[in-house]
Amino acid sequence: MKIYLNGEFVEKEDAKISVYDHGLLYGDGIFEGIRAYDGVVFKLKEHIDRLYDSAKSITLEIPMTKEEMEKVVVDTVKINNLKDAYIRLVITRGVGDLGLDPRKCPKPTIFCIAEPMNPLLGEDGIKVITSSVRRLPVDVLNPAVKSLNYLNSILAKIQANYAGVHEAFLLDSEGYVAEGTGDNIFVVKNGLIKTPPVSSSVLRGITRDTVIELAKELDIPIVEERLTLHELYVADELFITGTAAELVPVVEIDGRVINHGELGEITKKLSEEFKKIRKVMGTKVYE
């Protein structure tokens, strides 16, 4: 495997960064998780746009154009002869000293990894719990910034591990449903799909937005509104979306079984449509 690192491709064992890199020392950096399907990088432009928005928000100067960054991603997939891959694009503040001051980091570190990876949580129904860890409010750290600091999610994931389930859902500071440790949440009730709005401690997921678009095209009513746990407990269907997870049904939450533990019709329909469009909606790696 070859990894892009600061302008060149190196072997995996040679892909190393300094212990003084502020991405390691302080989680000071940003990233995107991206997928390629059958030689097409799914919605690459949207991922790169979100990356640069994150960078601007934390005043991280990227010394490349968006077009050049897109080429980095495509070339990383191509040099590894991959058609289907999970891609991790990371930009850190770079090497500095042991202080916090980002002005001491003159040059960001940029690396890109591409490797085969199945859906993170599998494709069968998953069980989840509600975590006691709350999602950080937008006035503390806006989830729109896809930063390298994921400790909030990791603590919730630890609780899921202890409970012996696949995933944990986090509530926001007011007790409304926010998102999973790395995925967005959708509820289906009486034919209506609901998902939390991005204004409520929720990342605007690329797969999330795609599912919203698909639902509208299929004439399935969908709204963005704040959700309570009660609405998840009594849902007809419940599913999550994310680049790494893709689209996965939830069959149990906090001991409440959803849809008799079976795949719901609306979830199934959206999953089938997503699998159709993901191979054509994006940037071709091989011409």
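**Stop 1: the largest pocket**

Select α4 (151–163). This helix gives the largest share of the lining of the largest pocket, 4 residues. Keep in mind that the model on your screen is predicted.

Now select Phe31, Lys146, Tyr150, Thr181 and Gly182. Of the 40 residues that line this pocket, these lie nearest its centre. The space inside comes to about 880 Å³.

Next, colour the elements that give two or more residues to the lining:

- the strands β3 (29–37), β5 (85–92), β9 (177–180) and β13 (237–242)
- the helices α4 and α5 (206–217)

What is the make-up of the lining by nonpolar, polar and charged residues? There are 17 nonpolar, 15 polar and 8 charged residues.

**Stop 2: the second largest pocket**

Keep α5 selected and add α2 (44–57). Each of these two helices supplies at least two residues of the lining of the second largest pocket. The most comes from α2, with 6 residues.

Centre the view on Glu46, Arg50, Arg204, Ile206 and Asp209. They lie nearest the centre of this pocket, which has 15 lining residues. About 250 Å³ of space lies here. The lining holds 8 charged residues, along with 4 nonpolar and 3 polar.

Stay with Arg204 and Asp209, and add Arg208 and Glu224. These four residues are linked in a network of salt bridges.

**Stop 3: from the β4–α2 loop to α5**

Side chains of opposite charge can pair when their charged atoms come close. The count for this model is 23 salt bridges. Three pairs are worth a stop.

Select Lys43 and Glu213. Their closest N and O atoms are 3.2 Å apart in a salt bridge. Where in the chain do the two partners sit? Lys43 is in the loop between β4 (40–42) and α2, while Glu213 is in helix α5. The pair links distant parts of the chain, 170 residues apart.

Switch on the surface. Lys43 is buried, at a relative accessible area of 6%. Glu213 is partly exposed, at 37%.

**Stop 4: Arg103 and Asp101**

Select Arg103 and Asp101. They form a salt bridge with 2.7 Å between the closest N and O atoms. Is Arg103 buried or exposed? Arg103 is exposed, because its relative accessible area is 74% and the cut-off is over 50%. Asp101 is partly exposed, with a value of 25%.

**Stop 5: Lys194 and Glu225**

Move on to Lys194 and Glu225, whose side chains meet in a salt bridge of 3.0 Å, N to O. Lys194 lies in strand β11 (192–195) and Glu225 in the loop between β12 (222–224) and α6 (229–233), so the bridge ties together parts 31 residues apart in sequence.

Lys194 has a relative accessible area of 19%. This residue counts as buried because 19% falls under the 20% limit. Glu225, at 31%, is partly exposed.

**Stop 6: the cavity**

Rolling a probe the size of a water molecule over the atoms shows where empty space is left. The structure holds 1 cavity of 30 Å³ or more. The largest cavity has a volume of about 40 Å³.

To find it, select its lining: Glu237, Leu238, Pro249, Val250, Ile258, Asn259, Glu262, Leu263, Gly264 and Thr267. Two elements, β13 and β14 (246–253), give two or more residues to this lining. By type, the lining divides into 5 nonpolar, 3 polar and 2 charged residues.

Note on methods
Residues are numbered from 1 along each chain as its sequence is written. This is a predicted model: local features need pLDDT of at least 70, side-chain atom pairs count only at pLDDT 80 or more; totals for chains, interfaces and linings use all residues. Side-chain values use heavy atoms; hydrogens and water are left out. On a 1 Å grid over the protein atoms alone, a cavity is a set of points where a 1.4 Å probe fits but cannot get out, and a pocket is an open set with protein on both sides within 12 Å along at least five of seven lines; lining residues have an atom within 4 Å of a point. Grid points are joined across faces, edges and corners, and a volume is the space filled by probe spheres set on the points. Ala, Val, Leu, Ile, Met, Phe, Trp, Tyr, Cys and Pro count as nonpolar, Asp, Glu, Lys and Arg as charged, and the others, Gly among them, as polar. Buried means under 20% relative accessible area, exposed over 50%, partly exposed in between (1.4 Å probe, protein chains only).
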